[in-house]
Amino acid sequence: MTLINPALFRDEAASDETLAFNRDLSARLNALPDQWIFPPQVVRERREQGLGPFPAPVRSPRAETRVIEGPHGPVPLRLFRPQGKSATGAFLHIHGGGWTLGSADAQDPRLVEMADRTGLLVVSVDYRLAPEHPYPQGPDDCEAAALWLVRAGAIEFSVSQFALGGDSAGANLAVATMLRLRDRHGLTPFCAAVLIAGCYDLRLTPSARSWGMDKLVLNTRDMDMFVRHYLAHGQDPWTPDISPLAADLRGLPAAHFVVGTRDPLVDDTLFMAMRWLAAGNAAELKLFPGGCHVFQNFPLRIAAESNNLIDKFLIESTQ
């Protein structure tokens with residue numbers, strides 16, 4: 001029985017647009033200075049100017065802000081309501097960036113689009129970043145945000161359906177958040193999870209270890225450095241709260257897994273989706289030929305197709 005079409009992984013399966021984009025992006029990123037010669041704060045400032053893999057962030061005037069209390073202090077949240085209608089539920093968004101980079105206001109246009117299409121209130125968490133705030137501060141902030149959403153947020157916004165998700169490190173934190181609510185609080189409030197190109201094994205899966213130095217958003221050195229920053233206190237990377245591939249995954253919600261075949265983290269999604277199913281949870285797996293790491297953030301036809309499928313999954317799961 002064939003579970004996944006192997007033809008999706010062949011070069012000829014990718015569109016000319018995707019292949020040309022990958023060539024251009026790789027050439028541009030490989031010509032930039034090694035980001036690890038700069039302190040993380042400088043890398044964040046350069047990304048703010050568009051001097052990294054992604055265009056400079058565009059902020060939406062529709063964003064609302066909240067600040068909640070977490071175990072390490074205030075945790076800012078960024079909220080987007082669906083336009084012209086009441087929210088039918090809420091989606092907790094956790095951004096990526098290797099636990100070191102990124103912010104809650106870096107994907108406003110996509111989060112606005114998601115809110116309007118799905119009818120969900122979208123809440124993005126500005127969790128603490130490593131190495132200034134290493135593990136467990138980031139997941140602690142995400143846990144606090146999830147608890148606020150399903151308790152005070154549910155009352156304030158009159159919603160009772162909840163989903164969550166994230167990309168890259170954000171997908172890792174989304175799974176860790178679900179596990180913490182289940183194991184620490186006896187709560188399983190989420191009915192759906194969107195897990196985009198997640199990193200689920202911080203020992204690095206074979207595709208991540210063998211990728212090498214070619215910079216297509218992410219390379220093996222980046223992943224090594226992200227893990228080093230995140231686990232600055234020397235924790236065991238195979239701890240389930242850190243590498244959820246090692247966790248007991250029973251009782252988790254239906255999940256939409258998606259990854260591009262030219263992503264160093266492709267094995268993480270393949271392995272995690274199979275473990276998700278083996279734990280008795282519903283899951284769908286979408287593979288996009290030639291897609292680079294978090295390709296949904298770029299103006300590509302495969303990005304539009306993937307985002308459409310994510311929104312469709314959320315609508316069907318929450319209504």
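**Exercise 1. Find out how aspartate 201 sits: buried or exposed?**

Aspartate 201 counts as buried, because its relative accessibility is 5%; buried means under 20% relative accessible area, exposed over 50%, and partly exposed in between, with a 1.4 Å probe and protein chains only. Next, place aspartate 201 on the fold: it belongs to the loop between β6 and α6 (206–210). Helices (H or I, at least four residues) and strands (E, at least two) are DSSP runs, numbered from the N terminus. Then look at the surroundings: leaving out residues up to four places away in sequence, aspartate 201 touches Trp238, Ser243, Leu245 and Asp268. Contact here means heavy atoms within 4.5 Å.

A word on the model before going on. It's a predicted one, so local features need pLDDT of at least 70 and side-chain atom pairs count only at pLDDT 80 or more, while totals for chains, interfaces and linings use all residues. Residues are numbered from 1 along each chain as its sequence is written, and side-chain values use heavy atoms, with hydrogens and water left out.

**Exercise 2. Work out the strand order of the open sheet and name its edge strands.**

Start with the order: eight strands run β1-β2-β4-β3-β5-β6-β7-β8, with mixed pairing. The edges are β1 (64–70) and β8 (283–288), each of which pairs on one side only. Two strands pair if DSSP finds at least two bridges between them. As for twist, neighbouring strands are turned by 20° against each other on average, direction ignored. Axes are lines fitted to C-alpha atoms, for helices over the stretch in contact, and angles run from 0 to 180 degrees between N-to-C directions.

**Exercise 3. Follow β5 and its partners, then check how well β5 is covered.**

Step one, the β3 side: β3 and β5 are parallel and share five bridges, and isoleucine 94 stands opposite glycine 166 in β5. Step two, the β6 side: β5 and β6 are also parallel, with six bridges, and alanine 163 has alanine 192 in β6 as its bridge partner. One strand further along, β6 (residues 190–196) joins β7 (residues 254–260) through five bridges, again in parallel. There, isoleucine 196 is matched with valine 258 in β7.

Step three, the cover. Six of the six residues of β5 are buried. In a regular strand the side chains alternate between the two faces of the sheet. Phe162, Leu164 and Gly166 are buried on one side of β5, and Ala163, Gly165 and Asp167 are buried on the other.

**Exercise 4. Identify which strands helix α3 lies across and which ones helix α9 touches.**

Helix α3 (residues 108–118) lies across β2 (73–80), β3 (89–94) and β4 (120–125), and runs at about 155° to β4. Helix α9 (residues 301–318) packs on the sheet too, touching β3, β4, β5 (162–167), β6, β7 and β8. Its direction makes about 170° with that of β6.

**Exercise 5. Go through the salt bridges and say what three of the pairs connect.**

The whole structure has 25 salt bridges, each being a side-chain nitrogen of Lys or Arg within 4 Å of a carboxyl oxygen of Asp or Glu.

- Arginine 301 meets glutamate 17 at 3.8 Å, N to O. Arginine 301 is in helix α9 and glutamate 17 in helix α1 (residues 16–31), so this pair links parts of the chain 284 residues apart. Arginine 301 is exposed at 57%, whereas glutamate 17 is partly exposed at 23%.
- Aspartate 140 pairs with arginine 180, the closest N and O atoms being 2.6 Å apart. Since aspartate 140 lies in helix α4 (residues 137–157) and arginine 180 in helix α5 (residues 169–185), the pair ties together parts 40 residues apart in sequence. Both aspartate 140 and arginine 180 are buried.
- Aspartate 183 meets arginine 182 at 2.6 Å, N to O. Aspartate 183 is exposed at 52% relative accessible area, but arginine 182 counts as buried at 18%.

Finally, look for a network: salt bridges link Asp140, Glu143, Arg180, Arg184 and Asp241.
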